[in-house]
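Please open the model in your viewer, with the sequence panel beside it, and keep a selection box ready. The stops below say what to select next and what is there.

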Amino acid sequence: MISEAPPFWWRKADWRAWLLLPLSFLYGRIAGHRMAHARRASVPIPVICVGNFTVGGAGKTPTALTIARAAKAKGLKPGFLSRGYGGSLDVTTVVDPDHHRAIAVGDEPLLLAQEALTVISRRRVDGAQRLVAEGADLIIMDDGFQSARLAIDYALLVIDATRGLGNGHIVPGGPVRAPIRQQLRSATALLKVGGGNAADRIVRMAARAAKPYFTASLKVRGDNTLAGTKVLAFAGIADPAKFFRTVESRGAEIVVAKSFGDHEHLTEEEIDDILTTAERQGLLIVTTSKDFVRLSGHYGKAAQLAEKSRVIEVDMVFEDHLAPNLIIDRAIAACRERRLREMKAGVKAIPGTAEPSDRLL
């Protein structure tokens with residue numbers, strides 16, 4: 001399954017965006033109504049949702065990983081909840097990074113499962129129930145903010161400071177998933193990633209709505225210098241240009257850059273082209289963690305490419321290093337308040353789920 005946003009979404013609105021405005025208006029009305037009025041299922045443990053305003057990558061997965069590491073440092077057992085986008089399995093599944101392949105469970109869940117308990121489910125309520133049954137005491141949703149299926153205790157919306165909201169139009173005329181004001185009303189806080197100014201307008205809107213915001217940046221893990229190295233860089237992510245900039249920031253010279261669709265599984269021909277081009281020109285092959293896990297567990301050319309590829313791993317680093325702990329603490333407090341309200345109203349959590357531990361509530 002491939003997800004590739006049209007390039008015009010990320011430029012100033014042109015005739016295509018305006019031509020699609022009636023459809024965008026309809027899509028926005030439906031999405032906004034669902035967010036405002038849908039009945040959300042409740043689970044007995046805190047739920048943190050890491051989402052974004054737009055279609056495409058803004059840094060949700062590395063943000064979710066950073067929060068999970070902070071939770072583990074606090075002695076909690078976090079569990080990731082993902083839809084498993086890009087995978088073929090349509091049943092609720094606990095992801096085993098030593099057994100599953102990306103083609104079955106999706107690339108992002110495989111990355112998440114290397115850090116903590118991870119469940120994929122097309123039905124987020126079922127996935128949340130499974131996480132509770134598996135002993136998680138904190139759920140971190142990777143995406144799903146606009147789905148309005150679960151009661152969320154802390155919604156952190158990630159926005160890329162370079163791309164911002166693109167042309168500002170709602171799908172299908174632009175990348176925005178639902179009316180911005182509705183999204184802001186449902187958000188707890190924003191996370192601005194990077195040093196650009198494309199997100200400044202939405203940050204000002206958030207400030208007027210009394211929504212706090214954090215700042216962070218993606219940092220290459222370890223001493224991953226590529227100074228003076230000529231490389232072939234390939235990426236099948238929502239914003240390949242961001243990866244290419246990261247590679248160049250490590251001192252590499254990108255001789256060949258190959259972009260593929262987000263979550264795209266490469267064909268034998270595409271893999272062979274990468275291998276032969278790199279060998280013929282004497283280039284080091286570099287790629288992303290997501291692209292690498294899509295190659296893992298395969299044989300033949302895919303295994304060769306995985307072996308020859310150097311992975312550039314990045315971490316989301318908050319400017320305020322205490323921010324992840326603050327997010328977790330606020331989610332726990334909000335969950336406590338939610339559960340008290342539900343008990344007073346006689347509302348029960350999902351049948352069959354265990355009660356939360358005393359340390360949380």
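Helices and strands in this tour are DSSP runs, helices being H or I over at least four residues and strands E over at least two, numbered from the N terminus. The model is a predicted one, in which local features need pLDDT of at least 70 and side-chain atom pairs count only at pLDDT 80 or more, while totals for chains, interfaces and linings use all residues. Residues are numbered from 1 along each chain as its sequence is written, and side-chain values use heavy atoms, with hydrogens and water left out.

**Stop 1: strand β7**

Select residues 189-193, which form strand β7, and pick out K192 within this strand. Residues are called buried under 20% relative accessible area, exposed over 50%, and partly exposed in between, using a 1.4 Å probe and protein chains only. K192 has a relative accessibility of 16% and therefore counts as buried. Now add G164 to the selection: its C-alpha atom is separated from that of K192 by 9.2 Å, although the two residues are 28 apart along the chain.

**Stop 2: the cavity**

G164 also leads to the next stop, since it belongs to the lining of the largest cavity, together with W10, N52, F53, T54, G57, A58, V158, I159, D160, R163 and L165. A cavity here is a set of points, on a 1 Å grid over the protein atoms alone, where a 1.4 Å probe fits but cannot get out, and lining residues have an atom within 4 Å of a point. Grid points are joined across faces, edges and corners, and the volume is the space filled by probe spheres set on the points. The search of the whole structure finds one cavity of 30 Å³ or more, and the largest cavity has a volume of about 50 Å³.

Which strand gives the most to this lining? Select residues 154-160, strand β6, which contributes three residues. If you colour the lining by type, you should find six nonpolar, four polar and two charged residues, where Ala, Val, Leu, Ile, Met, Phe, Trp, Tyr, Cys and Pro count as nonpolar, Asp, Glu, Lys and Arg as charged, and the others, Gly among them, as polar.

**Stop 3: the annotated loop and helix α3**

Next select T54, V55, G56, G57, A58, G59, K60 and T61, which an unreviewed UniProt entry lists under "binding site". From this set, T54, G57 and A58 are taken into the lining of the largest cavity. UniProt positions are given in the numbering used here, with feature names shortened, and such annotations may be inferred rather than shown by experiment. T54 is placed in the loop between β1 (47-52) and α3, and at 7% relative accessibility it counts as buried.

Continue into helix α3, residues 60-73, whose 14 residues reach 20 Å from the first C-alpha to the last, close to the 20 Å expected at 1.5 Å a residue; the expected span is 1.5 Å times one less than the number of residues. Because 11 of its 14 residues are buried, α3 is largely enclosed by the rest of the structure. Among the buried residues are K60, T61, P62 and T63. After the helix comes G75, with a positive phi near 85°.

**Stop 4: backbone details in the loops**

Zoom to the peptide bond between V171 and P172, which is cis, with omega about 5°; P172 lies in the loop between β6 and α7 (180-186). Then compare two residues other than glycine that have positive phi values. A210, with phi near 60°, sits in the loop between α8 (200-208) and β8 (213-220), and its relative accessible area of 66% makes it exposed. H263, with phi near 70°, is found in the loop between β10 (253-259) and α10 (268-281), but at 5% relative accessibility it counts as buried.

**Stop 5: strand β9 and the cysteines**

Select V231 in strand β9 (residues 230-235), which is buried at 0% relative accessibility. The C-alpha atom of V231 is separated by 7.8 Å from that of A278, 47 residues apart along the chain.

Finally, select C49 and C335. How many disulfides are there? Taking a disulfide as a pair of cysteine sulfur atoms within 2.5 Å, the count comes to zero. The sulfur of C49 has its closest cysteine sulfur in C335, 15 Å away, which is too far for a bond. C49 counts as buried at 0% relative accessibility, and C335 counts as buried at 0% relative accessibility as well.

Methods:
On a 1 Å grid over the protein atoms alone, a cavity is a set of points where a 1.4 Å probe fits but cannot get out, and a pocket is an open set with protein on both sides within 12 Å along at least five of seven lines; lining residues have an atom within 4 Å of a point.
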